[in-house]
Structures are given as C-alpha cells and as structure tokens.
Amino acid sequence: MCCENSIDTTCVFRGNYRSLWMGVLWALPSGTGVAIALLQGSNGPMIGVAISASLLPPVVNCGLFWALICIWILYKPIKMPFSKNDVGNFNNSYIYIYSEYLPVEFFCNGIVSACLTFVNVICIFITAVIVLKVFYF
C-alpha cells in the first residue's frame, strides 16, 4: 500500500495514537468557539464550523479505514499488498504501526480515529463549560 496513491498522509496521521494530543489542541479552540457563539446568541453558524472542524475529520477517517477493510475482504482475488513481504508493482512506502497485515492495521487506525473523535467531544464539552462558567461568574 502506498500513501502517495491511495491514502493521504493526513488520514494516516489521524490513525496514529500520537494524534490524540493534537486532537486535544484542535478541540480546545472549538469548544471556546461554541461557548462564545452561545454567549452571543448566534447558535447556528459558529457552532457548526467549530464542531465540523474538530469532529468530522476523525469520524470520516474512521469510516474510510473501515471501508477499505470491507473492500479488501469483499474483493480478495484482486492482488493487494497485505504485508511488507508482498511482491508486485507496489511502492510499499506505508509505514506499519500496529500490524504488518494491512486489514488489521486499518482496523487499528479506525479505532484510534474513533478515539480521537471521543477525545474531541469531551474536550469541546469541557472547554465550553469552563468558558461559560468564567463568563457567567
């Protein structure tokens, strides 16, 4: 599997466990934006942008990784590079993190992306509550 032809490096990064702290740094301003939008009374646009900027990318990434697993399971006769030792005309520049078997690797990447979504939800909620408490007291 080569990153340049099929999977964007951003998708691979969101599937890496080290991306969880970046999710926290991205979700904190989103939570602040949600709280400020609530304080100003403009519930729609600002909240939509803040939520979609921090929640949609990891959810979509999770779905893409799990869809790739389903595609490889359904279309087994097609030669795809499942491990580092597969031969063929593939540029194996993909760096395996969790497993050398690509479906397991993608499943783990999807799990980490789902965890990133949950971390973002928790951070948005906590940040919004803190900002609202500060402005109301």
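A residue is called buried here when its relative accessible area is under 20%, and because serine 30 reaches 6% relative accessibility, it counts as buried. The structure is a predicted model, and the paragraphs that follow lead from its overall fold, through its interior, to a nonpolar patch on its surface.

The secondary structure of the protein chain comes to 4 helices and 0 strands, so that, read from the N terminus, the order of elements is α-α-α-α. Of the 137 residues in the chain, 36% are buried. If one takes the contacts between residues at least 6 apart in sequence, 68% of them join residues at least 24 apart. Towards the outside, the chain exposes about 8200 Å², and carbon and sulfur atoms supply 73% of that area.

Serine 30, with which this account began, lies in helix H2, and, when residues up to four places away in sequence are not counted, it touches Ala50, Ser54 and Ile124. One of these partners, serine 54, has its place in helix H3, and it is likewise buried because its relative accessible area is 1%. Leaving aside neighbours within four places in sequence, serine 54 is in contact with Trp26, Ala27, Ser30, Asn120 and Ile124.

Several of the residues that these serines touch also belong to the largest nonpolar core, which has 11 residues in all: Ala27, Val34, Ala35, Ala37, Ile47, Ala50, Leu55, Cys123, Ile124, Ala128 and Val131. Helix H2 (19–40), helix H3 (44–74) and helix H4 each supply at least two residues of this core. Within it, isoleucine 47 is in contact with Val34, Ala37 and Leu38, again leaving aside its neighbours within four places in sequence. A second, separate core consists of 6 residues, including Phe65, Ile69, Tyr96 and Leu102. In soluble globular proteins, nonpolar side chains tend to be buried together.

Phe65 leads from this second core to the aromatic residues, among which 3 aromatic pairs are counted. In one of these pairs, phenylalanine 65 and phenylalanine 106 are tilted with respect to each other, at 5.1 Å centre to centre and with 45° between the planes. The pair links distant parts of the chain, since phenylalanine 65 is in helix H3 and phenylalanine 106 is in helix H4, 41 residues apart. Why do phenylalanine 65 and phenylalanine 106 count as buried? Phenylalanine 65 does so because its relative accessibility is 2%, and phenylalanine 106 because its relative accessibility is 0%, where the cut-off for a buried residue is under 20%. Ring pairs also bring in a tryptophan, linking Phe65, Trp72 and Phe106 into a cluster.

Helix H4 (residues 102–136) also holds isoleucine 122, and with this residue the description turns from the interior to the surface. Isoleucine 122 counts as partly exposed because its relative accessibility is 49%, a value that falls between the limits of under 20% for buried and over 50% for exposed. Together with Phe125, Ile126, Val129, Ile130 and Val134, isoleucine 122 forms a nonpolar patch on the surface, and the accessible area of these residues together is about 570 Å². Helix H4 therefore carries isoleucine 122, a partly exposed member of this patch, while it also supplies at least two residues of the largest nonpolar core.

Conventions:
Residues numbered from 1 in each chain as written. Predicted model: local features only at pLDDT ≥ 70, side-chain atom pairs only at ≥ 80, totals over all residues. Heavy atoms only, no water. Patch = residues over 30% accessible without salt bridge, like charges linked within 9 Å, V, L, I, M, F, W, Y side chains within 5 Å. Areas by Shrake-Rupley, 256 points an atom, 1.4 Å probe, with all protein chains shown as cover. Salt bridge = Lys/Arg side-chain N within 4 Å of Asp/Glu carboxyl O. Buried < 20%, exposed > 50% of the residue type's maximum accessible area, 1.4 Å probe, protein only. Core = buried A, V, L, I, M, F, W, Y, C linked by side-chain atoms within 4.5 Å. Contact = heavy atoms within 4.5 Å. Phe/Tyr/Trp six-rings, centres within 6.5 Å; stacked < 30°, edge-to-face > 60°.
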